[in-house]
Amino acid sequence: MNVAPSDLGRRTGTVDMVHGGGGRAMTELIRDLFQRHLSNPILDQGHDAALLEASSGRLVVSTDGHVISPLFFPGGDIGSLSVHGTLNDVAMAGARPLCLTAGFILEEGFPLADLERIVMSMAAAASEAGVPVATGDTKVVEKGKGDGVFITTTGLGVVPDGVEISVTRAKPGQAILLSGSIGDHGVAILSKRENLEFETEIVSDSNALHTLVADMIEAVPDIAVLRDPTRGGLAATLNELARAAGVGMHLDESAIPVKGDVAAACELLGLDPLHVANEGKLVCLCEQADADRLLSVMRAHPLGRDAAIIGRVTDDEARLVEMETEIGGLRVVDWLSGEQLPRIC
């Protein structure tokens with residue numbers, strides 16, 4: 001159900017500067033829209049800061065700003081994306097997410113109906129993930145000084161004792177696993193942005209990966225590295241890991257899953273799927289002896305059913321990511337100097 005303008009005490013049905021003024025209008029916006037949809041026992045405490053129960057283990061905190069364009073896209077929107085993106089950053093440390101915070105920058109004149117749609121999507125994503133939005137903040141900027149809605153989310157999580165996931169643990173000989181097909185998110189965004197139509201709609205892979213990570217850690221507690229290949233795609237992620245760990249990577253192109261429609265769209269648009277952003281995939285490095293067992297666990301999870309072993313870590317001092325192509329050649333997979341697609345997350 002949409003919020004009628006009268007419910008929030010306004011005439012226009014759009015975000016107004018008074019919503020950021022600290023008075024009754026702002027209180028009504030928070031109460032009748034944000035708190036109504038995001039309600040949970042922690043948020044409903046009503047404090048300026050959320051009170052959380054302390055727990056054992058090590059705390060992980062991660063924050064991420066979301067400025068995606070367009071705000072709504074096949075398979076998601078900025079609301080669900082802001083939940084998934086931050087939960088995944090927390091999960092890549094091997095952590096169990098505890099809660100999220102959310103900061104909204106709203107542009108004057110933005111339709112309240114669209115804002116409610118975004119908040120409802122955010123609430124649904126948080127509920128599905130089982131992670132509450134514990135506290136938040138709202139600011140309004142003058143028309144022309146924003147782009148509708150920007151959202152910053154911060155995630156807090158706990159890493160269980162005995163789990164040590166770090167890029168410093170990447171070592172030659174380890175297997176490289178990928179949880180599923182690449183390029184879905186970036187192509188979905190681009191198709192919406194450019195009003196492109198394909199035979200079948202390409203949908204973003206945006207999803208929260210923490211339950212997949214939990215299953216993986218339970219099966220193989222000694223996982224070395226986890227990383228979600230978002231901006232810059234798989235190529236940038238592996239190059240970052242190689243540079244940070246002082247190792248090389250050898251990939252098998254035929255093993256890297258790319259959906260047929262995504263591959264066709266990339267060919268049409270002149271994009272390399274290796275450089276296209278993802279929002280519901282992860283890369284994992286583990287010992288070769290654990291790789292097949294880990295792969296089975298990943299494929300048993302709905303978000304890892306297309307998982308594959310795509311290569312191995314090498315001792316290349318030049319820290320190159322190389323790929324054996326499907327026709328038997330070898331090419332360097334470099335990262336882009338800039339962004340292939342801007343404002344993708």
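In what order do the seven strands of the open sheet with mixed pairing lie? The order is E8-E10-E7-E11-E9-E12-E13. This is a predicted model.

## The seven-stranded sheet

E8 (225-227) and E13 (330-332) are the edge strands, and each pairs on one side only. Direction ignored, neighbouring strands are turned by 25° against each other on average. Helix H8 (residues 288-299) packs on this sheet. H8 touches E7 (175-178), E10 (283-286) and E11 (308-314). The direction of H8 makes about 10° with that of E7.

At the E13 edge, E12 (residues 321-324) and E13 run antiparallel and are joined by three bridges. Methionine 323 has arginine 331 as its bridge partner in E13.

Helix H6 (residues 233-245) also belongs in this part of the picture. Buried residues of H6 are Gly233, Leu234, Ala235, Ala236, Thr237, Leu238, Asn239, Leu241 and Ala242. Their cover includes E7, E8, E9 (248-252), E10, E11 and E12. How far apart are the end C-alpha atoms of H6? They are 19 Å apart. The 13 residues of H6 should span 18 Å at 1.5 Å a residue, so the two values agree. Glycine 246 follows H6 and has a positive phi, near 70°.

Alanine 307 sits in the loop between H8 and E11. Is alanine 307 buried or exposed? Its relative accessible area is 2%, so alanine 307 is buried. Beyond its neighbours within four places in sequence, alanine 307 is in contact with Leu178, Ser179, Gly180, Leu295, Met298 and Arg299. Arginine 36 is 271 residues away from alanine 307 along the chain, and their C-alpha atoms are separated by 38 Å.

## The annotated domain and the four-stranded sheet

An unreviewed UniProt entry carries the annotation "domain: PurM-like N-terminal" for residues 46-159. Over residues 46-159 the chain is 28% helix and 39% strand. The end C-alpha atoms of that stretch lie 28 Å apart.

A second sheet is open and has four strands, in the order E1-E6-E4-E5. Its pairing is mixed. The edge strands are E1 and E5 (133-141), each pairing on one side only. From one strand to the next, the twist averages 15°.

Strands of a sheet pair through backbone hydrogen bonds, either parallel or antiparallel. The pairings in this sheet are as follows.

| Strand pair | Sense | Bridges | A bridge pair |
|---|---|---|---|
| E1 (residues 58-66) and E6 (residues 149-159) | antiparallel | nine | aspartate 64 with threonine 153 |
| E4 (residues 96-107) and E6 | antiparallel | ten | arginine 96 with valine 158 |
| E4 and E5 | parallel | eight | leucine 106 with valine 140 |

Helix H2 (residues 78-91) packs on the sheet and touches E1, E4 and E6. The direction of H2 makes about 30° with that of E6. Helix H3 (residues 112-129) lies across E4, E5 and E6. H3 runs at about 10° to E6.

## Where H2 meets H3

Two packed helices are described by the angle between their axes and the distance between the axes. At what angle do H2 and H3 pack? The angle is about 35°, and the axes are 6 Å apart.

On the H2 side, the contact involves Ile78, Gly79, Ser80, Ser82, Val83, His84 and Leu87. On the H3 side, it involves Ile118, Ser121, Met122, Ala125, Ala126 and Ala129. By class, the residues of this contact are eight nonpolar, five polar and no charged.

Isoleucine 118 of H3 deserves its own note. Why does isoleucine 118 count as buried? Its relative accessible area is 0%, and the cut-off for buried is under 20%. Which residues is isoleucine 118 in contact with, leaving aside its neighbours within four places in sequence? They are Leu71, Phe72, Asp77, Ile78, Gly79, Phe110, Val149 and Ile151. Of these, Ile78 and Gly79 also appear on the H2 side of the helix contact. Serine 62 is 56 residues from isoleucine 118 in sequence, and the C-alpha to C-alpha distance is 22 Å.

Key:
Residues numbered from 1 in each chain as written. Predicted model: local features only at pLDDT ≥ 70, side-chain atom pairs only at ≥ 80, totals over all residues. Heavy atoms only, no water. UniProt positions renumbered as here; feature names shortened; annotations may be inferred. Helix = DSSP H or I, 4+ residues; strand = E, 2+ residues; numbered from the N terminus. Pairing = 2+ DSSP bridges. Axes fitted to C-alpha atoms, helices over the stretch in contact; angles between N-to-C directions. Contact = heavy atoms within 4.5 Å. Nonpolar A, V, L, I, M, F, W, Y, C, P; charged D, E, K, R; others polar. Buried < 20%, exposed > 50% of the residue type's maximum accessible area, 1.4 Å probe, protein only. Expected span 1.5 Å × (residues − 1).
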